[in-house]
Amino acid sequence: MRWSKFLRAGTHGALGMSLFVCMGGSVHANPFSQGAQASLHAAAFESGSGFDADESSAAVTSKLGPDERQALLAKSAPEITPWLEVTVKSGDSLSRVFERVGLPARELMALLALGDTVAPLKRLRPGDTLELRKTTDGRLAELRFELDAIKTLSITRSGVESEAGAGALNAQIVRLQTQTRQLTARGTVEGSLSRSLAKAGVPAAVSAQLAHIYRYRANLSRQMHAGDRFSIVYEAEYANGERVATGPVVAASITTDGRNLKAFRAVNEDGETRYYDAEGRAYEPSLSRHPVNYSRISSPYNPDRLHPILHIRRPHWGVDMAAPRGTPIHAAGDGVVKFVGRRHGYGRIVQLSHFDGYSTRYGHMYQFADGLKRGDHVKKGQVIGYVGATGEATGPHLHYEVRLNGRPHNPLTMKLPDGHPLPKSRLAAYTSRIQPLIAALDDVPNMSQTLVASSAGARHGCTQASTVNATFALTPHNLQRSHSLADLFCVVSSDSNA
Ligand SMILES: [Zn+2]
């Protein structure tokens with residue numbers, strides 16, 4: 001139950017607790033709830049009935065007759081209904097949801113007036129869940145919407161519990177208290193790499209990152225075979241012992257074809273996060289083969305092509321990457337804009353000049369990036385325009401060309417220029433920082449304390465002990481964060497069931 005998460009996280013006080021109990025099946029809220037008692041006490045005191053100010057409210061109510069009690073209760077704040085859980089249906093909007101639960105349009109307007117914080121409520125999708133409760137006089141008292149595993153949009157109404165009556169709505173993002181943990185998984189490939197990673201407890205998102213990090217050095221899913229080894233150090237966010245999010249890969253090692261490739265996450269001098277080898281050489285080349293997220297290659301590089309529209313032999317000096325109109329196109333590398341505009345068959349085209357004689361062209365654009373002009377400096381990955389079908393094009397695609405000293409090359413197969421290494425000024429710090437990571441990846445004795453999954457699981461009574469052929473390590477870094485072995489192991493063990 002998602003509520004338990006909030007309550008355990010301590011983001012709610014006594015009120016939240018009593019409601020939680022209420023949700024658990026009690027018939028209705030006690031009419032002598034905190035708010036009613038408080039107003040009762042205040043009213044009795046004002047009427048000059050001679051009670052001591054510190055006399056308990058229970059004592060006060062016991063001294064009133066039944067009619068007086070009724071009269072005082074009528075003046076008290078409106079009650080609040082139990083929590084309702086509303087699931088968004090296909091075709092729903094927030095206004096439809098409000099209608100369904102009987103909240104009037106003015107409540108919707110008041111909510112939407114809260115601005116950007118409540119914007120996620122304008123983009124509800126089928127299956128989303130809202131939790132809300134109302135006052136008995138038909139106003140919104142509180143609303144919760146989980147934005148992700150960690151963040152929840154919380155709408156509250158001030159003064160709703162007091163006799164003064166309900167005040168204004170407030171919106172805030174409540175963030176679950178989380179801890180970042182560094183986890184290490186190691187294993188040997190048995191069958192497919194992806195299954196072996198899953199067996200070692202590596203979440204799918206982390207496996208995907210691994211493939212991405214190595215994509216210019218190795219096609220992991222194709223190249224890694226039985227007996228090849230992998231180890232990964234990655235971050236994960238935990239709240240109350242449960243994993244709520246996985247973070248980035250911090251370090252990785254693969255051994256395949258007799259080669260060992262280690263990669264480490266680091267921030268370069270431009271503040272960008274990249275992966276480097278132990279010597280500080282970049283894993284990614286400085287030019288990208290794929291400046292757009294395409295669905296298929298609609299026409300390959302072909303120096304001897306018959307043109308599909310002109311029906312004459314005309315070389316195709318680039319690669320056509322089919323993608324929906326409007327898909328962002330990214331600069332393939334750092335460079336300077338040489339041309340932005342229209343050019344015969346290319347339609348709307350951007351030309352970039354890079355380094356060491358490399359240049360790139362991006363044709364058939366639907367639109368250029370806002371304000372992009374000749375002479376601008378662009379960074380690798382920066383959006384320079386959007387996919388279209390301008391010029392001689394039969395459908396929306398990017399025509400992508402790479403030239404070296406003016407001569408075209410096949411972007412998908414040419415040897416790409418090496419990425420920029422970490423600058424010498426950062427290398428010493430980098431080298432010392434990665435030493436414990438290298439030890440964790442290689443499982444060097446005395447540097448990490450290793451638990452074998454099956455035995456440790458039984459010892460600590462974890463419900464789902466993993467029996468995979470993999471070990472999990474506590475690096476010195478983990479130990480500094482004062483997690484007990486049992487604690488970390490149970491976590492890792494539950495990972496393997498994710
Ligand atoms: Zn083309």
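**Contacts, cores and a bent helix**

Q: Leaving aside neighbours within four places in sequence, which residues is Ile232 in contact with?
A: In this predicted model, Ile232 is in contact with Ala185, Val202, Val206, Leu210, Val249 and Ala252, once its neighbours within four places in sequence are set aside.

Q: What makes Ile232 and Ala251 notable in the largest nonpolar core?
A: That core has 34 residues, and Ile232 and Ala251 are the members that touch the most others. At least two residues each come from several elements, including strand E6 (179-188), helix H9 (204-213), strand E8 (242-256) and helix H11 (424-442), while E7 gives the most, with 6 residues. Another core, of 27 residues, lies apart from it, and Met321, Leu352, Val378 and Leu398 are among its members.

Q: Why is Ile384 called buried?
A: A residue counts as buried if 20 or more other C-beta atoms lie within 10 Å of its own, and Ile384 has 24 within that distance, so the name applies. Ile384 belongs to strand E18 (residues 383-387), and, residues up to four places away in sequence not being counted, it touches Val350, Tyr362, Leu372 and Val378, among others.

Q: How do you know that the span of H11 agrees with its number of residues?
A: The 19 residues of H11, at 1.5 Å a residue and counting one less than their number, should span 27 Å, and because the end C-alpha atoms are 26 Å apart, the two values agree. H11 nevertheless bends by about 35 degrees at Gln435, with a proline, Pro436, following within four residues.

Q: Which residues of H11 are buried?
A: They are Ile434, Leu437, Ala440 and Leu441.

Key
Residues are numbered from 1 along each chain as its sequence is written. This is a predicted model: local features need pLDDT of at least 70, side-chain atom pairs count only at pLDDT 80 or more; totals for chains, interfaces and linings use all residues. A residue is buried if 20 or more other C-beta atoms lie within 10 Å of its own, exposed if 12 or fewer, and partly exposed in between; C-beta atoms are placed from the backbone. Two residues are in contact if their C-beta atoms, placed from the backbone, lie within 7 Å. A nonpolar core is a set of buried Ala, Val, Leu, Ile, Met, Phe, Trp, Tyr and Cys residues joined through C-beta atoms within 7 Å. The bend at a residue is the angle between axes fitted to the seven residues ending there and the seven starting there.
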